[in-house]
Amino acid sequence: MTDPQAPAPKPALPYASRTPVHEQHLDGFGTVRVLPLDPVADAAVVHGWVSEERAAFWGMNGLTEQQVAAIYAHMDTLDTHHAFLVVKDAEPVALLQTYDPAADRVSECYATEPGDIGVHLLLAPAGTGGARPGWTAALSGALMAYVLLGLDRTRIVVDPDVDNEKAIARFLKQGFTAGPRVVLPEVDLPDVYLPEKKAQLAFLRREVAFAG
């Protein structure tokens, strides 16, 4: 018989049962977990982020939740491109995408090297607390550890839109070296369409990110 005075059981954390590809505790910051993106379960969260005006450079403004889910369901079938939901202390805080530059249109714009890995990163909005000094640097450090050390890669390449000055400045502050400005060609395939993109390439080598 149920005791009506007994405290209600605590609800399970929504991401606790999912197995991360990377988990790291940072003193004074919290625990960062990198989870393979579930195209269906995570669609609402991701759609909310990519629909905001600040995420216009992500290229998904105006898409429905179902369309966003379909894009990531297609990505989930690829061996060269991967998407992850980044969770800090059970709260989703970022969308991370990694890819093999040699299998991507960016390879037409620079000389790829063995050990290269491409990265796209979309941070969640700051929320009601406003700006969080040091927050982005701490989170990025954990993600660099996963990408460069966990995946044993030697160089990250990023290709933010040339007009995305905020993202470019953030990468340079994190130790990236600016490369050339390029034009990524249009991709028009049955399963994916990407318009032409003017991009600023930037690179971060493992020995720079983890010097000493």
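Select β4 (91–99) and β5 (116–123) to begin: these two strands run antiparallel and are joined by 6 bridges, strands here being DSSP runs of E with at least two residues, and helices runs of H or I with at least four, all numbered from the N terminus. Strands count as paired if DSSP finds at least two bridges between them. Within this pair, T98 stands opposite V119 of β5. The coordinates are a predicted model, in which local features need pLDDT of at least 70 and side-chain atom pairs count only at pLDDT 80 or more, whereas totals for chains, interfaces and linings use all residues. Residues are numbered from 1 along each chain as its sequence is written, and side-chain values use heavy atoms, with hydrogens and water left out.

Stay on β5 and colour it by accessibility. Of its 8 residues, 7 are buried, so the strand is largely enclosed by the rest of the structure; buried means under 20% relative accessible area, exposed over 50%, and partly exposed in between, with a 1.4 Å probe and protein chains only. Next add β6 (155–158), which runs parallel to β5 and is joined to it by 3 bridges; here G118 stands opposite V157 of β6.

**The whole sheet**

Now widen the selection to the open sheet of 8 strands, whose order is β1-β2-β3-β4-β5-β6-β10-β7 and whose pairing is mixed. Because β1 (22–26) and β7 each have a single partner strand, they stand at the edges, and one side of each is left without a neighbour in the sheet. On average, neighbouring strands of this sheet are turned by 25° against each other, direction ignored; axes are lines fitted to C-alpha atoms, for helices over the stretch in contact, and angles between N-to-C directions run from 0 to 180 degrees. At the β1 edge, β1 pairs with β2 (30–36) in the antiparallel sense over 5 bridges, and the bridge partner of H25 is T31 in β2.

**Strand β10 and its two neighbours**

Move to β10 (197–205), which is mostly covered, with 7 of its 9 residues buried. It runs antiparallel to β6, to which 4 bridges join it, and antiparallel to β7 (177–184), to which 6 bridges join it. A useful residue to label is F203 of β10, since V157 stands opposite it, as does T177.

Which residue of β10 should be selected next, as one that counts as exposed at 53% relative accessibility? K198 is found in β10, and at 53% relative accessibility K198 counts as exposed. Leaving aside neighbours within four places in sequence, K198 is in contact (heavy atoms within 4.5 Å) with P160, D161, V162, V182 and V183. Draw a line from K198 to A209: the two are 11 residues apart in sequence and 26 Å apart in space, C-alpha to C-alpha.

**Helix α4**

Select α4 (165–173) and show the side chains of its buried residues, A167, I168, R170 and F171. Seen down the axis of α4, these fall within an arc of 160°, so they line one face of the helix, the arc being that of the directions from the helix axis to the C-beta atoms. They pack against β5, α3 (135–150), β6 and β10. Turn the helix over, and the face directed away from the buried side carries the exposed residues E165, K166 and K173. Following α4 is G175, whose phi is positive, near 105°.

**Helices α1 and α2**

Finally, select α1 (43–50) and α2 (65–75), whose axes come within 9 Å and cross at roughly 110°. That makes α1 roughly perpendicular to α2, where angles under 35 degrees count as roughly parallel, over 145 as roughly antiparallel, 65 to 115 as roughly perpendicular and the rest as oblique. A43, A44, V46, H47 and V50 of α1 make the contact with E65, V68, A69 and Y72 of α2.

With α2 still selected, pick out its buried residues, V68, A69, Y72 and M75. They cover an arc of only 120° around the axis, which puts them on the same side of α2. The buried residues of α2 pack against α1, β3 (81–88) and β4. Helix α1, in turn, lies across β3, β4 and β5, running at about 85° to β4, which brings the tour back to the strands where it began.
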